[in-house]
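Hi everyone, thanks for making the time today. I'd like to walk you through a structure that may be new to you, so have a look at it first.

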Amino acid sequence: MSDGSNAPVPTLYLVDASLYVFRAWHSMPDEFHDAEGWPTNAVHGFARFLLELLERERPRHIAVAFDEALDSCFRNTLFPAYKANRDPAPEELKRQFVHCKALCEALGLATLAHPQYEADDLIGSAVRHARGFGHRSVIVSADKDLSQLLGALDEQWDFARGQRWGAAGVKARQGVHAHQVADYLALCGDAVDNIPGVPGIGAKTAAVLLAHFETLDALLERIEEIPFLRLRGAASTAAKLRMHREQALLCRQLTTIACDAPLGHEQDFARGSADAAALLALCDGLRFGPLTRRRLQEAAA
């Protein structure tokens, strides 16, 4: 992809690691164990995904974001019930997250993690950071929340389904434009993250309101116009927004991806040299088979 001057724009790949670790945890058979007898099915599945990505794209710039702010995120301070509907990760999975991160580091990939910022925030901050270097970003994740980060040259990639889209493709997928995603979720809520939204306002109503008013701020400033819209239950919708105005604004703080997280990488995330000794130790400790070992060695070269 070029920036219009026919010069190719360097691409930064940003991987939402947690999504693929969890996917492997749930889909891979529980037949893999490390030298100490702990399960390693999630590591094996994540390694296969990562190798396929590296072999297919051969990225020169890449960072892998991990979630370490499971209950210490700044959003938990704003709203203690944030993600409180999720069961804590079992010890067997926590250990595998550590191995997955170590695997990325051994391959020379930049890893992002912070106790107060989620992987989404680290990816968002890296997207903004990359633009300062004149790079575009490809966000490797199926998470719809991340679509709010897409600029003109950026893409999101649902790797498992083989689907890629840019900012222009968000409305067809989610009903609102990329820059409206946070406002949309603030209105209709996000059950996955235990964000309530405005009671009584669903996805369709939220999309209609944003199509007319463009932003949540404009909507809240012009509530008196809502009863005159061609919208089923328009008067009651206006009443709900008046009653829950502060909750809508709080929810937007929760749904907006922070783009100012400290990354710890004041560079362009160029892929670094692999650590052959660390990689060998991981292969031995995690009991990787000969095929995976060979692929890892080739990726490290």
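**A sheet, a helix and some salt bridges**

Let's begin with helix H1, residues 17-27, which lies across four strands: S1 (11-16), S2 (61-65), S4 (136-140) and S5. Relative to S1, helix H1 runs at about 45°. Before I go further, please keep in mind that this is a predicted model.

Now to the sheet itself. In what order do its six strands come? The order is S3-S2-S1-S4-S5-S6, in an open sheet with mixed pairing. Strand S3 (110-112) and strand S6 (163-165) stand at the edges with a single partner strand each, so each has one side without a neighbour in the sheet. From one strand to the next, the twist averages 20°.

Let me stay with the S6 edge for a moment. Strand S5, residues 155-158, pairs with S6 in the antiparallel sense, over three bridges. If you'd like one pair to look for on your screens, Trp157 has Arg164 in S6 as its bridge partner.

On to the charged side chains. How many salt bridges does the structure hold? The number is 19, and I've picked three of them to show you.

First, please find Arg295 and Glu55, whose side chains meet in a salt bridge at 2.9 Å, N to O. Arg295 sits in helix H13 (residues 290-300) and Glu55 in helix H2 (residues 41-57), so this pair ties together parts that are 240 residues apart in sequence. Arg295 is partly exposed, with a relative accessible area of 21%, and Glu55 is partly exposed too, at 33%.

Next come Arg75 and Glu118, whose side chains form a salt bridge of 2.9 Å, N to O. Arg75 belongs to helix H3 (residues 74-78), while Glu118 is in the loop between S3 and helix H5 (119-131), so here the parts tied together are 43 residues apart in sequence. Are these two residues buried or exposed? Both Arg75 and Glu118 are buried. They also belong to a network of salt bridges that links them with Lys83, Arg86, Asp121 and Asp193.

My last pair is Arg245 and Glu246, with side chains that meet in a salt bridge at 4.0 Å, N to O. Arg245 is partly exposed, with a relative accessible area of 34%, whereas Glu246 is exposed, at 56%.

That's my tour. Thanks for listening, and I'm happy to take questions.

Note on methods:
Residues are numbered from 1 along each chain as its sequence is written. This is a predicted model: local features need pLDDT of at least 70, side-chain atom pairs count only at pLDDT 80 or more; totals for chains, interfaces and linings use all residues. Side-chain values use heavy atoms; hydrogens and water are left out. Two strands pair if DSSP finds at least two bridges between them. Helices (H or I, at least four residues) and strands (E, at least two) are DSSP runs, numbered from the N terminus. Axes are lines fitted to C-alpha atoms, for helices over the stretch in contact, and angles run from 0 to 180 degrees between N-to-C directions. Contact means heavy atoms within 4.5 Å. Buried means under 20% relative accessible area, exposed over 50%, partly exposed in between (1.4 Å probe, protein chains only).
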